[in-house]
Amino acid sequence: MLPKLIKYLLKEAPQSQDTEVHGWVRTKRDTKNLIFIEVYDGSCFDGIQCTFDRSAGLNGKTEALLDSLTTGASVKIKGKLISSPACGQAVEVAASELFVFGEAPAETIGDIQGYPLQKKRHSLEFLREIAHLRPRTNTFGAVARLRSRLAFAVHRYFIERDFHYLHTPIITSGDCEGAGAMFSVSTPDPKEFFGKKTFLTVSGQLEAETYAAAISRVYTFGPTFRAENSNTARHLAEFWMVEPEAAFAGLEENMELAEDFLKYMFNSVLEECPDELAFFDEYVEKGIIENLKNVAAAKFSHITYTDAVKELEKAHSANKGLFEFEPRWGCDLQSEHEKFLTEKTAGGPVIVTDYPKEIKAFYMKLNDDGKTVRAMDVLVPRLGEIIGGSQREDDLNKLMARMAEMNIEPQDYWWYLDLRRYGSVPHSGFGLGFERLIQYVCGMANIRDVIPFPRAAGQAEF
Ligand code: 4AD
Ligand code: MG
């Protein structure tokens with residue numbers, strides 16, 4: 001049987017029952033007769049205090065182990081669960097026996113570094129260099145627990161709404177976003193193996209469309225890869241994306257789904273991770289709980305790209321120093337523009353729609369104006385784009401024309417075009433950057449701190 005986790009021990013009624021604690025030593029405090037050891041196991045923030053009383057007579061082995069015990073060592077402690085005389089904790093363990101699984105020497109000896117996580121605050125930059133040990137800190141333990149709950153909530157949300165979880169391939173031959181930022185897959189003889197060039201996927205969307213055109217509603221949730229060399233706090237080379245795709249859905253339904261889904265995510269963490277959020281609120285981003293509650297309750301703003309650019313131009317002509325990049329119709333919104341739209345224009349999340357076709361992917365449905373496409377980006381304060389999506393072009397001829405304009409070979413996408421040849425339907429979907437969602441709900445400023453093992457330009461250790 002697996003041992004009882006500390007989060008459950010801390011809630012048990014103390015009746016001097018026999019108890020075993022398994023975990024790692026956070027601190028050791030020694031007085032004349034009493035030795036206090038705080039043990040944690042990452043199941044929650046708090047550790048449990050285990051108190052050894054020398055005057056009660058400890059066995060020789062335990063005495064010796066206690067003497068050399070240091071922060072970070074892994075232990076099993078036997079004793080009795082009693083109500084704690086100390087304030088700030090309901091229970092503690094009147095400990096009698098100590099077993100050490102693995103030591104964690106504090107001192108550097110020769111080439112072997114002393115245990116780097118001592119009881120003080122370490123910088124996030126330093127912790128990134130020891131990504132294999134950082135989950136033992138409060139911050140990264142909390143991020144890991146929250147990430148796991150959120151992932152489960154993603155599945156719950158879609159499965160309960162008749163979206164089927166679809167596994168799309170990681171190795172693909174097509175470039176969904178057409179941004180040319182793909183990692184090649186190499187084999188000893190790539191020509192021989194697949195008979196064509198292959199890459200790591202940037203999105204499961206095109207494959208998701210095939211299943212939406214068959215079982216109506218699907219979603220993917222998996223790793224995606226982008227070789228863009230952007231060294232920012234919101235880009236990774238490997239990140240997780242959630243991509244729902246629904247048949248018989250236009251842009252309106254897509255926006256509704258995106259908003260409802262995001263709010264469901266916010267409410268899920270508010271309900272399921274109150275301790276983690278309280279921690280982030282106190283140490284990472286003040287006011288984050290209040291903000292999540294407000295955002296979950298309010299309607300998202302909507303604005304077309306054209307109107308958004310007008311707003312930005314107005315602000316820019318009133319204050320020339322406001323933006324580094326001049327806002328102009330036809331150009332991509334820069335992060336400073338996204339920031340302005342969320343924080344100043346909308347005062348919260350905003351969905352920007354109907355972008356110029358030139359700055360969006362080939363598959364987006366053309367509007368009647370012939371200039372803009374039925375695209376939507378959900379922007380949020382602090383981060384900018386968190387979701388990108390669109391209604392898809394379901395008209396074969398318009399799609400072929402668009403591909404020709406963009407120099408995309410139709411034969412490379414013959415199967416995708418077939419979806420428009422046989423039983424084509426209006427359909428829509430979007431992609432949520434899972435790490436950006438985590439950043440948004442917990443306030444962590446750098447995306448590398450919300451994924452266990454970040455992959456970015458120049459960074460593939462661990
Ligand atoms: O806007 P993007 O590129 O959209 C697509 O890939 C569509 N095929 C999605 C769809 O319609 N099914 O990416 C979607 C989201 C972005 O809004 C952003 O949150 C995240 O993925 N994202 C990244 N996250 C981390 N690192 C990167 N390099 C990212 N690139 C995109
Ligand atoms: Mg995008």
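## A salt bridge within one helix

Glu 311 has a relative accessible area of 28%, and because the range between 20% and 50% is called partly exposed, this residue falls into that middle class. In this predicted model, the side chain of Glu 311 meets that of Lys 314 in a salt bridge, with a distance of 3.7 Å from N to O. Lys 314 has a relative accessibility of 54%, so this partner counts as exposed. Both residues belong to helix α10, which covers residues 305-318, and they stand 3 residues apart, which is about one turn of the helix.

## Salt bridges between distant parts

In the protein chain as modelled, the count of salt bridges comes to 29. One of them joins Glu 209 to Arg 392, whose closest N and O atoms are 4.0 Å apart. Glu 209 is part of helix α6 (residues 205-215), while Arg 392 sits in the loop between β14 (384-391) and α12 (396-405), so this pair ties together parts of the chain that are 183 residues apart in sequence. Both Glu 209 and Arg 392 are buried.

A further salt bridge is formed by Glu 259 and Lys 299, and here the closest N and O atoms are 3.1 Å apart. This pair, too, links distant parts of the chain, since Glu 259 lies in helix α7 (residues 251-272) and Lys 299 in the loop between α9 (288-297) and β11 (301-304), 40 residues apart. Glu 259 counts as buried because its relative accessibility is 7%, whereas Lys 299, at 62%, counts as exposed. Salt bridges can also be joined to one another, and Asp 30, Arg 54, Glu 63 and Asp 67 are linked in such a network.

## The chain as a whole

The protein chain has 462 residues, of which 49% count as buried, and it contains 14 helices and 15 strands. Taken along the principal axes, its C-alpha atoms fill a box of roughly 85 × 60 × 45 Å. Among the contacts with a separation of 6 or more, 66% are between residues 24 or more positions apart.

The accessible surface of the chain comes to about 22,900 Å², and carbon and sulfur atoms provide 53% of this area. The chain carries 53 positive and 67 negative charges, and the mean positions of these two groups are 3 Å apart.

## A nonpolar patch on the surface

Four residues, Ile 170, Ile 171, Phe 193 and Phe 194, form a nonpolar patch on the surface, and together they have about 380 Å² of accessible area. Phe 193 is found in helix α5, which spans residues 190-194. With a relative accessibility of 59%, Phe 193 lies over the 50% cut-off, and therefore this residue counts as exposed.

## A loop residue and its neighbours

Asp 46 is located in the loop that runs between strand β2 (34-40) and strand β3 (48-53). Leaving aside residues up to four places away in sequence, Asp 46 touches Ile 6, Leu 10, Arg 26 and Glu 38. Asp 377 stands 331 residues from Asp 46 along the chain, and the C-alpha atoms of these two residues are separated by 40 Å.

Technical notes:
Residues numbered from 1 in each chain as written. Chains lettered and ligands numbered in written order. Predicted model: local features only at pLDDT ≥ 70, side-chain atom pairs only at ≥ 80, totals over all residues. Heavy atoms only, no water. Helix = DSSP H or I, 4+ residues; strand = E, 2+ residues; numbered from the N terminus. Buried < 20%, exposed > 50% of the residue type's maximum accessible area, 1.4 Å probe, protein only. Contact = heavy atoms within 4.5 Å. Areas by Shrake-Rupley, 256 points an atom, 1.4 Å probe, with all protein chains shown as cover. Lys, Arg positive; Asp, Glu negative; His and termini not counted. Charge placed at Lys NZ, Arg CZ, Asp CG, Glu CD. Patch = residues over 30% accessible without salt bridge, like charges linked within 9 Å, V, L, I, M, F, W, Y side chains within 5 Å.
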